[in-house]
Amino acid sequence: MAVTIALFTRDLRVNDNPALSAAVREGAAVVPLFVVDDRMVGSARPAGNQLRFLSAALAELDAELRCAGGQLVIRRGDYVEAVDRVVAQVHADSVHVAEDATWYGRCRLRALRERLDRRSCLLHIHRATITAVDASDCAPHGRNGKAPDFATYFRRWLEAPKRLPLDKPAELLVPRIDSDPVPRFDELGDAAVSPQLAVGGEITGRGLWRGCTAGQGQARGRARGDLTREGFSRLSPYLHFGCLSAAEMVHRADMATTDGRAFVRLLARRDFHLQFLAARADIARSDDRHREPQAHDPVVVRAWRDGRTGYPIVDAGMRQLAAQGWMPQRARVIAASFLTTTLRVDWRVGADHFRRWLLDADAASNRFTWQQVGRLDPGAAGTGERYDPEGNYVRRWIPELAALPGSEIHRPWRHSVPTSVYPAPIAASAVPDESSAGFAESLSTAPRGS
């Protein structure tokens, strides 16, 4: 009996999964396999939010596979060694896996191919599984190794071939094989976890997606940069773990609606980041402006991390991050620009904090968020009045300022709010005067506070 292995990585789903579908077509029996890679979950500074989400996503994947008569086989340890042992145990003819964009993921696949070659076991790597389109169809290579502008890439992306979504397998035959239990969060790590963390996998993600599409054109729609309208962006963790398929989402998006077009553009930008990372694996920690890491005041950094800088629009985003492991993209840009430009803290410090707390953080999104905002005029990151005109976003996350009326919540220094209630601005001279262009202009000239 021919046996194949469907090796799950960042494609934790049964719907529209090219690796799983190909494995089912090829073999009489299939082993759906996930390896809990000790090198990724056993780091000195584990990302607790992501580990908890991973645990829930694996549980939902196992439930979906059992509906088709199969199960998820879990192994833990060295990635290549674990896969090799399963191949030997079931005498597998081939292994199917999604293409990876990260440096570590690609090195891991090369090592796996070399190991499987010794057993005459084929390794099939499937493109357009994590991304919506094949990277080779619109590779975002710019001059001197830099990414081109997104508008140029987006035009190529729209013209690139896009595959049709694949149905989930109706029936699975899994050979008799031992498996570790689906790991619980406390078995994956003991890092701090956000108290309001949203967890789940494919089942939860598809439910959220249906809710978003049902509300297109209504209040759920996402006004440009409005921090109170999260819309489709809440799906980002499910895309990050592959619980949802970007290719399927593009296929089913209603381009006749404003929301549909905006969502497709978000998916294209995600591909843009991931595909540039695949072309330039070194960018995750490098600085393309060749700057040395900057010294920073730990008190200042702590105030930023805790949402206690005295700038409500910055603090609201950082408090949401701590509470939920997520924040809107506009809030990320505002917080990143404030840390690097106003407080003069090295971008790597902020990127590491985002990596540890964001559910959807990866090398590509983190690098682009932090290094790109460093080129912006700080005022371009947006003011509270512009992106939270009624103050509702700040009011939700900084309840001690809730009594301030309307947009005045963005200027607590006008209302003599006691510092025992809410801190004074950490960069005192960055407080805008009453006759100037306001907070946005003041950020561009603000010195580092202490």
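Colleague: Across which strands does helix α5 lie, and at about how many degrees does α5 run to β5?

Modeller: In this predicted model, helix α5 spans residues 103–117. The strands it lies across are β1, β2, β4 and β5, and its direction relative to β5 is about 155 degrees.

Colleague: In what order do the five strands of the open sheet come, and which are the edge strands?

Modeller: The sheet is open, its pairing is parallel, and its order reads β3-β2-β1-β4-β5. Neighbouring strands are turned against each other by 25 degrees on average, with direction ignored. Two strands pair on one side only, and these edge strands are β3 (73–77) and β5 (122–126).

Colleague: What is the bridge partner of T4 in β4?

Modeller: Strand β1, residues 3–8, pairs with strand β4, residues 94–98, in the parallel sense, and the pairing extends over four bridges. Within β4, the residue bridged to T4 is S94.

Colleague: Which helix gives the most to the largest nonpolar core?

Modeller: The largest nonpolar core holds 52 residues, and those with the most contacts inside it are L12, F34 and W157. With seven residues, the helix that gives the most to this core is α3 (residues 48–67).

Colleague: Is N49 buried or exposed?

Modeller: N49 is found in helix α3, and, leaving out residues up to four places away in sequence, it touches A192, V193, S194, L197, G325, W357 and L359. Because the cut-off for burial is a relative accessible area under 20%, N49, whose value is 0%, counts as buried.

Colleague: How many residues does the second, separate core have?

Modeller: Besides the core in which W157 is among the residues with the most contacts, there is a second, separate one that includes F338, V349, L358 and W370. The size of this second core is 39 residues.

Colleague: At what angle do helices α12 and α15 pack, and which residues of α15 are met by α12?

Modeller: Helix α12 (residues 298–306) and helix α15 (residues 347–357) pack at about 35 degrees, their axes being 12 Å apart, and the crossing is right-handed. The residues of this contact divide into four nonpolar, two polar and one charged. From α12 the participants are V301, W304 and R305, and those they meet in α15 are V349, G350, H353 and F354.

Colleague: How far apart in space are I313 and R395, C-alpha to C-alpha?

Modeller: I313 has its place in helix α13, residues 312–324, and counts as buried at 4% relative accessibility. Although 82 residues separate I313 from R395 in sequence, their C-alpha distance in space is 9.8 Å.

Terms used:
Residues are numbered from 1 along each chain as its sequence is written. This is a predicted model: local features need pLDDT of at least 70, side-chain atom pairs count only at pLDDT 80 or more; totals for chains, interfaces and linings use all residues. Side-chain values use heavy atoms; hydrogens and water are left out. Axes are lines fitted to C-alpha atoms, for helices over the stretch in contact, and angles run from 0 to 180 degrees between N-to-C directions. A crossing is left-handed if the near helix is turned anticlockwise from the far one by less than a right angle, and right-handed if clockwise. Contact means heavy atoms within 4.5 Å. Ala, Val, Leu, Ile, Met, Phe, Trp, Tyr, Cys and Pro count as nonpolar, Asp, Glu, Lys and Arg as charged, and the others, Gly among them, as polar. Buried means under 20% relative accessible area, exposed over 50%, partly exposed in between (1.4 Å probe, protein chains only). A nonpolar core is a set of buried Ala, Val, Leu, Ile, Met, Phe, Trp, Tyr and Cys residues joined through side-chain atoms within 4.5 Å. Two strands pair if DSSP finds at least two bridges between them.
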